[in-house]
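These questions and answers concern contacts between charged side chains and how accessible the partners are.

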Amino acid sequence: MDKQSNFKIRPACVADVPIILKLIRDLATYERAPNEVTATEEQLVDVLFGEKPAAEVLLAFEKDTPVGFALFFHNFSTWLGRPGLYLEDLFVKPEARGKGFGRALLVDLARIARDRGCGRMEWAVLNWNDPAIKFYRALGAKPMNEWTVFRLTHDGIARLAQSESIAKEP
């Protein structure tokens, strides 16, 4: 069989939620945080396929076996006045790496970004993930070293939301 018949990428559907959650757990294990996944199938059905989907997923298959995914959503660039595509997660199972699945997922994402008029594609990568960093650089992606990612989690969001709107800044 040729590579084309062994490989396919397609948008996920509701029936794929168990596959998506399994791949999310595999990603968390790879990123050394296997116990931090709290997402459930029910949540994913709602946030990915409910009334107001928050993100989209592409799935990669080798024959009929799921080997990777890309979860993305749109952000917006005020400077460009255009939407952007933010890649939240890109994951290919370690045993399937080196076969072109990651590149193929990114090519499909670039086509989506182009077709939807996006001004840019962005994502974050862990500093220790040298193979991914080399892979992204080889594709022409550039690190945004002058930017630092900030995050509020559930408790931080709750504290900020309950605080005074007008307060002294530190």
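Q: How far apart are the closest N and O atoms of Arg 120 and Glu 122?
A: In this predicted model, Arg 120 and Glu 122 form a salt bridge. The criterion asks for a side-chain nitrogen of Lys or Arg within 4 Å of a carboxyl oxygen of Asp or Glu. For Arg 120 and Glu 122, the closest N and O atoms are apart by 3.6 Å.

Q: Is Glu 122 buried, partly exposed or exposed?
A: The relative accessible area of Glu 122 is 25%. Buried requires under 20% and exposed over 50%. Glu 122 therefore counts as partly exposed. Its partner Arg 120, at 37%, is likewise partly exposed.

Q: Which residue forms a salt bridge with Asp 16?
A: Side chains of opposite charge can pair when their charged atoms come close. For Asp 16, the closest N and O atoms in the salt bridge are 2.6 Å apart. Asp 16 itself is buried, at 4% relative accessible area, whereas its partner is partly exposed, at 25%. That partner is Arg 10.

Q: Is Asp 115 buried or exposed?
A: Asp 115 meets Arg 114 in a salt bridge, with 2.9 Å from N to O. Arg 114 has a relative accessible area of 57%, which makes this residue exposed. For Asp 115 the relative accessibility is 58%. The cut-off for this class is over 50%, so Asp 115 counts as exposed.

Q: How many salt bridges does the structure hold?
A: Among them are the pairs Asp 16 with Arg 10, Asp 115 with Arg 114, and Arg 120 with Glu 122. The total number of salt bridges in the structure is seven.

Definitions and conventions:
Residues are numbered from 1 along each chain as its sequence is written. This is a predicted model: local features need pLDDT of at least 70, side-chain atom pairs count only at pLDDT 80 or more; totals for chains, interfaces and linings use all residues. Side-chain values use heavy atoms; hydrogens and water are left out. Buried means under 20% relative accessible area, exposed over 50%, partly exposed in between (1.4 Å probe, protein chains only).
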